[in-house]
Amino acid sequence: VDKKEIEIVSEIGDSFKKGDRVDVSFSKTSGPKALFLGYILPFLFVLITLLITFQITGNEAVSGLSSLAILIPYYIGLFMFRSKLKREFAIRLKASK
């Protein structure tokens, strides 16, 4: 059995303490949403920015740098909405039998 350490945001009535055995679950839609936000959407931003800037400038270096630079505001945005995303991707715990 793998041991993992996770951060728990406690709800009213939860009485878990460190070392308790628990069953961990999350929504079935959380995986695809995380995949989309973490990999697919940034890839699309990079690809679209690369194609558009190359069409406009014709310069590969500028296109490559700008397509990578587009990730900076994207990940800053994710960081700014981290509390909302924590609620969206909440992990549920249930006392293990």
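In this predicted model, the crossing of helices α1 and α3 is right-handed. Helix α1 covers residues 30–57 and helix α3 covers residues 71–80, and their axes come within 10 Å and cross at roughly 150°. Since angles over 145 degrees count as roughly antiparallel, that makes α1 roughly antiparallel to α3.

So who does the touching? On the α1 side, the contact is made by L37, G38, L41, P42, F45 and V46. On the α3 side, L71, Y74, Y75 and L78 take part. Sorted by class, this contact has 9 nonpolar residues and 1 polar residue, with no charged residues at all. Glycine counts as polar here, so G38, on the α1 side of the contact, is the polar one.

Some of these names come back when the aromatic rings are checked. A pair of aromatic rings is described by the distance of the centres and the angle of the planes. Searching the whole structure turns up 2 aromatic pairs. One of them joins F45 and Y74: the ring centres sit 5.5 Å apart, with 70° between the planes, and the pair is edge-to-face. F45 belongs to helix α1 and Y74 to helix α3, so this pair ties together parts that are 29 residues apart in sequence. The rings of Y74 and Y75 also pair up, with centres 5.1 Å apart and planes at 75°, so this pair is edge-to-face too. Put together, the ring pairs link F45, Y74 and Y75 into a cluster.

How buried or exposed is each member of that cluster? Y74 has a relative accessibility of 11%, and buried means under 20%, so Y74 counts as buried. F45, on the other hand, is partly exposed, at a relative accessible area of 32%. Y75 is partly exposed as well, with a value of 40%.

Zooming out, the chain has 4 helices and 2 strands. Reading from the N terminus, the elements go β-α-α-α-α-β, which puts a strand at either end of the order and the helices in between. The chain has 97 residues, and 11% of them count as buried. As for who meets whom along the chain, take the contacts with a separation of 6 or more: 75% of these are between residues 24 or more positions apart. The F45 and Y74 pair, with its 29 residues of separation in sequence, links two such distant positions.

Notes:
Residues numbered from 1 in each chain as written. Predicted model: local features only at pLDDT ≥ 70, side-chain atom pairs only at ≥ 80, totals over all residues. Heavy atoms only, no water. Axes fitted to C-alpha atoms, helices over the stretch in contact; angles between N-to-C directions. Parallel < 35°, antiparallel > 145°, perpendicular 65-115°, else oblique. Left-handed = near helix turned anticlockwise from the far one by under 90°. Contact = heavy atoms within 4.5 Å. Phe/Tyr/Trp six-rings, centres within 6.5 Å; stacked < 30°, edge-to-face > 60°. Buried < 20%, exposed > 50% of the residue type's maximum accessible area, 1.4 Å probe, protein only.
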